[in-house]
Amino acid sequence: PRPALAQDPAGAITGTVTDRATGTPVTGASIRVLALATRATAGATTTNDVGRYRVGRLAPGTYAVVATRIGYELRRVDTVRVGAGETVTLDLSLVE
């Protein structure tokens with residue numbers, strides 16, 4: 001028998017950032033993922049031209065996701081749980 005492939009323990013958080021009033025994508029928003037246990041930055045990225053983002057290579061655990069963009073209020077979501085090999089979708093809306 002062939003050996004079973006080990007599951008990649010790393011997870012990811014993905015989503016879309018939109019303007020709360022208009023629903024249009026927010027491009028160039030800064031996304032930071034913070035490990036709640038250590039308060040360290042676990043990953044960071046910027047939204048693309050359709051407001052999408054993805055932060056991968058996350059160890060299983062609980063994270064805070066912070067979205068910022070000039071002209072908008074900071075948006076923070078705590079207690080985002082990522083399991084082994086799991087991709088969590090977290091869509092965010094920003095207020096001007």
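**Close-up views of an all-strand predicted model**

**View 1. Strand β1 and its partner β4.** β1 and β4 form an antiparallel pair joined by five bridges. The model shown here and in the other views is predicted. Within this pairing, T16 has R52 of β4 as its bridge partner. Of the nine residues in β1, eight are buried, so the strand is largely enclosed by the rest of the structure.

**View 2. The parallel partners of β1.** β1 also pairs with β7, in the parallel sense and over three bridges. Here T14 is placed opposite T89 of β7. A further parallel pairing, again of three bridges, links β1 to β8. In that pairing the bridge partner of D19 is L94 of β8.

**View 3. T87 in strand β7.** T87 lies in β7, which covers residues 87-89. Its relative accessibility is 44%, and T87 therefore counts as partly exposed, the class between under 20% for buried and over 50% for exposed. With neighbours up to four places away in sequence left aside, T87 contacts A12, T14 and R54. A44 is 43 residues from T87 along the chain, and the C-alpha atoms of the two residues are 16 Å apart.

**View 4. The largest nonpolar core.** The largest nonpolar core of the model consists of 20 residues. Within this core, the residues with the most contacts are I13, V17, Y53, V65, L90 and L92. Two or more core residues come from each of β1 (11-19), β2 (30-35), β4 (52-58), β5 (61-68), β6 (75-82) and β8 (92-94).

**View 5. Surroundings of Y53.** Y53 is among the residues with the most contacts inside the largest core. Apart from residues up to four places away in sequence, Y53 touches I13, T14, G15, T16 and V17 as well as I31, T45, T47, V65, L90 and L92. Of these, T14 is also a contact of T87, and T16 is the residue bridged to R52 of β4.

**View 6. Strand β5 between two pairings.** Which strands pair with β5 over six bridges? One is β2, which runs antiparallel to β5 and is joined to it by six bridges. In this pairing S30 stands across from T68 of β5. The other is β6, which is likewise antiparallel to β5 and connected to it by six bridges. A67 faces R75 of β6.

**View 7. The hairpin of β5 and β6.** Six residues lie between the two strands of this hairpin. In the hairpin, G71 adopts a positive phi near 95 degrees. Both strands of the hairpin give two or more residues to the largest nonpolar core.

**View 8. The whole chain, for orientation.** The protein has eight strands and zero helices, and its pattern along the sequence is β-β-β-β-β-β-β-β. Along the principal axes, its C-alpha atoms fill a box of roughly 55 × 30 × 15 Å. Of its 96 residues, 34% count as buried. Among contacts between residues at least 6 apart in sequence, 58% join residues at least 24 apart. The exposed area is about 5,900 Å², of which carbon and sulfur atoms supply 51%. The protein carries 11 positive and 8 negative charges, and the mean positions of the two sets are 8 Å apart.

Technical notes:
Residues numbered from 1 in each chain as written. Predicted model: local features only at pLDDT ≥ 70, side-chain atom pairs only at ≥ 80, totals over all residues. Heavy atoms only, no water. Core = buried A, V, L, I, M, F, W, Y, C linked by side-chain atoms within 4.5 Å. Buried < 20%, exposed > 50% of the residue type's maximum accessible area, 1.4 Å probe, protein only. Helix = DSSP H or I, 4+ residues; strand = E, 2+ residues; numbered from the N terminus. Contact = heavy atoms within 4.5 Å. Pairing = 2+ DSSP bridges. Areas by Shrake-Rupley, 256 points an atom, 1.4 Å probe, with all protein chains shown as cover. Lys, Arg positive; Asp, Glu negative; His and termini not counted. Charge placed at Lys NZ, Arg CZ, Asp CG, Glu CD.
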